[in-house]
Amino acid sequence: MSTLLVINDDPVQLHLLGSLLEQDHEHVVRFTSSESAWEWLQNGHVPDAIILDLHMPGINGWRFCELLHMQAVQGKPVPPILVVSATYSGMDAEDVLSDLGASAFLPLPAEPARIRQHVRQLLEEPVPPKAFHAWMVSSDSSKITRTRSVFKKRGWELYGWQRGIDMQSESSLSAPDMIIIDDPLLDVTAHDLLLWRKREYPQARTLVMSLQCDGRGSSSFVNESDVYLPKECEPDTLMTLCEKWCRERAFTHVEHLLEVRTSDLKESEAQFQGLFEILPDILVIYDDQRLIRHINTSGAQQLGYVSADLVRTLLVRIQSSILNESVRAGDVDVEQVSPRWIEATLRRKNGTELPVELMERTVRFQGECQTLLVARDITARQHMAQENAKLEQQLRQVQKMEAVGRLASGVAHDMNNILTAILAHASLLKVRNDEANPTWKAGNVIEKAVHRGKEMTSQLLGFARQGKHHHVPVDLHGVIEEVTGLLGRTVDKTITLQTDLQADEPWVVGDPNQLYQVLMNLAVNASDAMSDKGELIFQTSNETVSSTQASHVPGLTAGDYVVVRVTDTGDGMPQDVQAQIFEPFFTTKELGQGTGMGLAMVYGIVKNHHGYIGVTSTPGVGTTMRVYLPSVLCEEPQAKSVPAVKRTEGTGHVLIIDDEHAVAEAAEAILEFLGYDTTIRLSGREAVEFCQDSLNRVDLVLLDMVMPDMSGSECFAELRRIRPESKILLCTGYDRNHAVQELLNQGVVGFIQKPYDLDALGQVCADVLKSHVPTESCLTGSQA
């Protein structure tokens, strides 16, 4: 961080410049008088750069530069100086300031970016002070040497010649500020050189040392530009006269510039006053009696006033905070107090409060000690903070749902393992007895109970987003027609069904059964919310979500969507209920009327289809559920047939790999009943060891996906390495997810989801052994 010294007697300009430079994280020290700034420098402070106003009372900018230049002559460090002025501009002003030692000059008003650019250049590439140049011609080379030595110590460059004609022919050096002639010369007269100087270098001054000097020394002038000195004039005297003349030349230019710019001063002040008036901040200047002396037009408008309404009124009218009393009492130098921004409120004319960030600073204005108040409207910032808090809450909700989803996934997997053992043995009880046998009836009751449990685990897996069962184009309009067709026969006749299908491209990629579940569940919830007559409306549209829109909605990404809105005119929901509706087991229905899994499953399915679901609800008005699903272009529907389930016996040796002993035994019982030979291995490593023995026959491998010591995918890779020709059927308590799909792509010949019964396992095993085409059990999800 660089330290910048800013000096300007105008408090408004000082505030603008200081605030602008602080945006670049610079440390800005401000003074309204050059005397105070000079005292600060004399106390040992050395800034990285100085930004100096030119026209100030007391020590003006010209004189301040001269003082700094004198300090440099004494060997003290002088930082780079940027001079700013609304009074002077042009190359003349830059030349004058360069003579006085300034590094750069910038006329005001100027664009903020240009001011910051000048300061950055000053800090990164400081411009060295201007070097003055003197030319000297003398037949005495030792005199040239002595003079050069003195001039060099004072920062001047002196070039010398012994013949005038050699100096006249020089064209490669910088133009001289001073020309010193030691008369007489060997080849030309001093008069000839004076005529040459006036023609070639009219801005230069000439010092002529001559035996013909009349004794009045430097007071004898010729043509108002040439000075005659005694022949024996010392180099120190020459140096003093050169420096004096450079200062005189600079101040002569100053007087000229002042005359030229006086007529423009009022116009420049009016321009700056205009800038003050239109600044978006509220700028107030008030006195020690807390009377408002001035307020900018923009600031007054923000408070509901015109400026004239507030001038000469008490500051309490707009309820400003009070400046630190120790500052008011004069205990500290008010110009040294660092401004502190605090949050407060100002009162508008209509009595409402305006939240602001304000800063107060005591300044000298119109010759009096007054206070500048700067207030910035932070309504938008507070609104954004509220929006960010809302987004953070939504993000936490999404993360909570993700965590609950992982928990639900694990619970469903473990439950499916348990249900597999139960369902398998229930199936065996039924096939080994006729329907009149009480044992068959017991098996049937158990089987029905298992199927109800399987529906619950299917919903849990749907919520946990364990993967779509199918990836096919789905016409959402067709799905809505199926849902409304069923609802038309089942919902209360007092509820009116309406459809407004406006989507030109209603196609998405996904599982038609799951999407049917989503819309049916939303519709059932909507109808349940209408205890009396009402309307249930399905609407569709194609919408494009921009990156900006998506950034404000956690869980929604940019892209093209088919949007389905399911609206009811029911009781609506308060905010606290809306925040929980997608959580598993959360329900507002009475005991026994709902499980709380419906919307949790909907949430999981929509997320798994890379979509987004949101809710808008007003108590007493109704609710709208919005489902965003990525759209695709498609012309014809692609239906997927569901194979019929039948009991199939078979032969061959099946290696069963499952870390759950009860599940492995259940599979063993089913397969042996159907005529297969079986071997059980309770870990992947045991199975690999078994297959490494070439004497062990294996026609089919029934492989569990999730095992502790060696996962299903790792075991599959080892088995394919040992026996590339082996047929491996994957079995898992999860839905068909990305991991399952990856193994199918790598060569797994089939997939069956737990829990399965005798018919399902027998059918898929028979199909796998008969064909080289990958086989998938269709007994998953709601079809179980």
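Okay, let me start with a cut-off, since I'll lean on it throughout: a residue is buried under 20% relative accessible area, exposed over 50%, and partly exposed in between. Keep in mind that what you're looking at is a predicted model.

So, take Arg-565. Is Arg-565 buried, exposed or partly exposed? Its relative accessibility is 22%, so with those cut-offs Arg-565 counts as partly exposed. Its partner is Glu-543: the two side chains meet in a salt bridge, 3.0 Å from N to O. Arg-565 sits in strand β21, residues 559–568, while Glu-543 belongs to strand β20, residues 534–545, so this pair ties together parts that are 22 residues apart in sequence. Glu-543, with a relative accessible area of 25%, is partly exposed too.

Now, those strands belong to a sheet, so let's stay there for a minute. It's an open sheet of five strands, the order is β18-β20-β21-β23-β22, and the pairing is mixed. At the edges you find β18 (495–501) and β22 (612–618), each of which pairs on one side only. Going from one strand to the next, the twist averages 15 degrees. If you zoom in on β22, you'll see that β22 pairs with strand β23, residues 622–630, in the antiparallel sense, over seven bridges. Thr-616 is a handy spot to look at there, as Thr-616 stands opposite Thr-624 in β23.

And what packs on this sheet? That's helix α16, residues 512–528, which touches β18, β20, β21, β22 and β23. The direction of α16 makes about 30 degrees with that of β21.

Okay, back to salt bridges. How many are there in the model? The count comes to 18 salt bridges. I'll pick out two others.

One of them is Lys-231 with Asp-182, where the closest N and O atoms are 2.7 Å apart. This pair links distant parts of the chain: Lys-231 is in the loop between β11 (226–230) and α9 (235–278), Asp-182 is in strand β8 (residues 178–182), and the two are 49 residues apart. What about accessibility? Asp-182 has a relative accessibility of 3%, so Asp-182 is buried, whereas Lys-231 is partly exposed at 21%.

The other is Arg-381 with Glu-343, and here the closest N and O atoms are 3.5 Å apart. Arg-381 lies in helix α13 and Glu-343 in strand β14 (residues 342–347), so parts that are 38 residues apart in sequence get tied together. Glu-343 counts as exposed, at 57% relative accessibility, and Arg-381 is partly exposed, at 41%. This pair also belongs to a network: salt bridges that share partners join Asp-281, Glu-343, Glu-357, Arg-376 and Arg-381.

Last stop, and we're staying on helix α13. There's a nonpolar patch on the surface, formed by Leu-407, Val-411, Met-415, Ile-418, Ile-422, Leu-429 and Ile-446. Together these residues have about 550 Å² of accessible area. Which element gives the largest share of the patch? It's helix α13, residues 379–431, which contributes six residues.

Val-411 is one of the patch residues, and its place is in helix α13. Why can Val-411 be in the patch at all? Patch residues need over 30% relative accessible area, and Val-411 has 38%, so Val-411 clears that cut-off. By the cut-offs I opened with, 38% makes Val-411 partly exposed.

That's my tour, so over to you.

Notes
Residues are numbered from 1 along each chain as its sequence is written. This is a predicted model: local features need pLDDT of at least 70, side-chain atom pairs count only at pLDDT 80 or more; totals for chains, interfaces and linings use all residues. Side-chain values use heavy atoms; hydrogens and water are left out. Patches are made of residues with over 30% relative accessible area and no salt bridge: like charges are joined within 9 Å, nonpolar side chains (Val, Leu, Ile, Met, Phe, Trp, Tyr) within 5 Å. Accessible areas come from the Shrake-Rupley method with a 1.4 Å probe; for residues, only the protein chains shown count as cover. A salt bridge is a side-chain nitrogen of Lys or Arg within 4 Å of a carboxyl oxygen of Asp or Glu. Helices (H or I, at least four residues) and strands (E, at least two) are DSSP runs, numbered from the N terminus. Buried means under 20% relative accessible area, exposed over 50%, partly exposed in between (1.4 Å probe, protein chains only). Two strands pair if DSSP finds at least two bridges between them. Axes are lines fitted to C-alpha atoms, for helices over the stretch in contact, and angles run from 0 to 180 degrees between N-to-C directions. Contact means heavy atoms within 4.5 Å.
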